[in-house]
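Please look over the chain below before reading on. This report walks through its fold, its charged pairs, its rings and its backbone oddities.

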Amino acid sequence: MNESRQLPLQGIRVLDVSQVMAGPFACMMLADLGADVIKVEPPEGDQTRGAMGFKMKGPDSMGFLNMNRNKRSVVLDLKSDQGRADFYALARTADIIVENYRPGVVQRLRIDYESIREINPKIVYASISGFGQSGPWAQRPGFDLMAQAMSGVMSVTGYPGEKPVKAGVPVADIGCALFATCGLLSAYIGAQKSGVGQHIDASLFDAAMAFSVWDMSEYWGTGKAPTPLGTSNKMSAPYQAVKARDAYFVMGATNQKLWSRLCTLLERPDLVEHPDYATVALRLRNREALIDALEHEFGQRDSADWIEAMLAAGIPAGPILSYPQAFEGAHGTHRRMSMEIDHPIEGKVKNIGFPVKLLGTPQQVRRHPPLLGEHTQEILAEIRATTGAKAAA
């Protein structure tokens, strides 16, 4: 890192009053960018500390360790008068607060946005929930699975006629974390200009629905509800996983130029102007027959041979890798998508690398994922010193 330049969020204080995934992940991104993120935990801790079906050396799960680096942990019982008083003192020093209680809980605890802005008008306060702060489903408990099912995501995932399938990764949780972070940073910039913060309402349901651009464009344009397509695509064909002699691989001849190149590579010039395949629209309409014809050719050679030949011809293609293959392969290694963090109990612990790289002020691991309440005394001493200084002034 250029030592003359600070991380972009250095000097910003964030209170992470969230558990499990969307909130903690959003706050970790802010922490990676330099913010002082204080994880405010109940006496029993973030429930993710004890999640997953395997044990580490210490009490914290690998999932917790991958969503909470660069944070400090303070234990506060927000149901108690003292815990609430300590939280208010922290809130006076904060720029951003992120919570993910079910709607109504923060009001009962008296740590809601309206209560906090009375003591800190510039606070930017994000409430993350399953279905938002208002609406018929607002009081429902919300997890990624429910958001995927009730947003429509599961209706287009998998293969036609087969049992429901969810996306293999938590798109609602991570999507909500990303959208919330965008909202937080935008509102923070606005608060610096106006002197007034605001309340941000982020939900897993809304985040999952935001990924439906192509699907809803199709529905609004045709009146037909989108259905599952497996690995194929509603905009172009061939663009999907196809079977070679040894294994499946992915490829995409998404326009006329690439389609012509593919036909040349396959030594099938007859396909270029074939009455069923001559245009993108025709290839989409006759996709099943098209893939059958292509897989007949692909079955003559192994997937690695086809990938190499397609890339040489300028046709996008690639293997279908497992996560270990992707993380441990040459490109994942070069992109530093796996890193090791020093931890006081676990020793060296694996973490997913930074998903976006700031080249002028590269992110860095400044703190290991905190032990429960590891910084309680340190943080309470800080706020009491600040309170005392203000009282003296």
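How many helices and strands are there in the chain? There are 16 helices and 11 strands. The model is predicted, not taken from an experiment.

**Overall build**

The C-alpha atoms fill a box of roughly 85 × 45 × 45 Å along the principal axes. The chain has 393 residues, and buried ones make up 45% of them.

Helix α3 serves as a sample element. It covers residues 81-93, which is 13 residues. From first C-alpha to last, α3 reaches 19 Å, close to the 18 Å expected at 1.5 Å a residue. Which residues of α3 are buried? They are G83, R84, D86, F87, A89, L90 and A91. The list mixes charged residues, R84 and D86 among them, with nonpolar ones such as F87 and L90.

**Salt bridges**

Side chains of opposite charge can pair when their charged atoms come close. A search of the whole structure finds 20 salt bridges. Three of them are tabulated here, with the closest N to O distance.

| Salt bridge | N to O distance | Separation in sequence |
|---|---|---|
| R72 and D36 | 3.0 Å | 36 residues |
| D215 and K234 | 3.3 Å | 19 residues |
| R245 and D302 | 3.0 Å | 57 residues |

Take R72 and D36, whose closest N and O atoms are 3.0 Å apart. R72 lies in strand β3 (residues 71-75) and D36 in strand β2 (residues 36-41), so the pair ties together parts that are 36 residues apart in sequence. Is R72 buried or exposed? R72 counts as buried because its relative accessibility is 3%, under the 20% cut-off. D36 has a relative accessible area of 23%, so it is partly exposed. The two residues also belong to a network of salt bridges that links R13, D36, R72, E378 and E382.

D215 and K234 form another salt bridge. D215 sits in helix α9 (residues 213-222), while K234 is in the loop between α9 and β7 (239-243). Both D215 and K234 are buried.

The side chains of R245 and D302 meet in a third example. R245 lies in the loop between β7 and β8 (248-252), and D302 in the loop between α12 (287-298) and α13 (303-312), so the pair ties together parts that are 57 residues apart. D302 counts as partly exposed, at 26% relative accessibility.

**Aromatic contacts**

The structure holds 8 aromatic pairs. One of them joins Y113 and Y125 edge-to-face, 6.0 Å centre to centre and with 65° between the planes. Y113 is in helix α5 (residues 113-119) and Y125 in strand β5 (residues 124-129), 12 residues apart. Y113 counts as buried at 7% relative accessibility. Y125 is buried too, at 0%.

F298 and W306 also pair edge-to-face, at 5.2 Å centre to centre and 75° between the planes. Both are buried: F298 has 0% relative accessibility, and W306 has 3%. W306 has a charged neighbour as well. R301 lies over the face of W306, at 4.3 Å from the ring centre.

Elsewhere, F131, W137 and F205 form one aromatic cluster.

**A nonpolar surface patch**

Which residues make the nonpolar surface patch of about 280 Å²? They are F143, L145 and M146. M146 belongs to helix α6 (residues 144-151). Why does M146 count as partly exposed? Its relative accessibility is 34%, so it falls between the 20% limit for buried and the 50% limit for exposed.

**Backbone exceptions**

Most residues other than glycine have a negative phi, and most peptide bonds are trans. Three sites depart from this.

- The peptide bond from A237 to P238 is cis, with omega near 0°. P238 is in the loop between α9 and β7, and K234 is found in that loop too.
- N70 has a positive phi, near 65°. N70 lies in the loop between α2 (62-65) and β3. It is buried, with a relative accessible area of 2%.
- E267 has a positive phi of about 60°. E267 lies in the loop between α10 (256-265) and α11 (280-285). At 68% relative accessibility, E267 counts as exposed.

Note on methods: Residues are numbered from 1 along each chain as its sequence is written. This is a predicted model: local features need pLDDT of at least 70, side-chain atom pairs count only at pLDDT 80 or more; totals for chains, interfaces and linings use all residues. Side-chain values use heavy atoms; hydrogens and water are left out. Helices (H or I, at least four residues) and strands (E, at least two) are DSSP runs, numbered from the N terminus. The expected span of a helix is 1.5 Å times one less than its number of residues. Buried means under 20% relative accessible area, exposed over 50%, partly exposed in between (1.4 Å probe, protein chains only). Patches are made of residues with over 30% relative accessible area and no salt bridge: like charges are joined within 9 Å, nonpolar side chains (Val, Leu, Ile, Met, Phe, Trp, Tyr) within 5 Å. Accessible areas come from the Shrake-Rupley method with a 1.4 Å probe; for residues, only the protein chains shown count as cover. A salt bridge is a side-chain nitrogen of Lys or Arg within 4 Å of a carboxyl oxygen of Asp or Glu. Rings of Phe, Tyr and Trp (its six-membered ring) pair if their centres lie within 6.5 Å; planes under 30 degrees apart count as stacked, over 60 as edge-to-face and the rest as tilted. A charge sits over a ring if NZ of Lys or CZ of Arg is within 6 Å of the ring centre and within 35 degrees of the ring normal.
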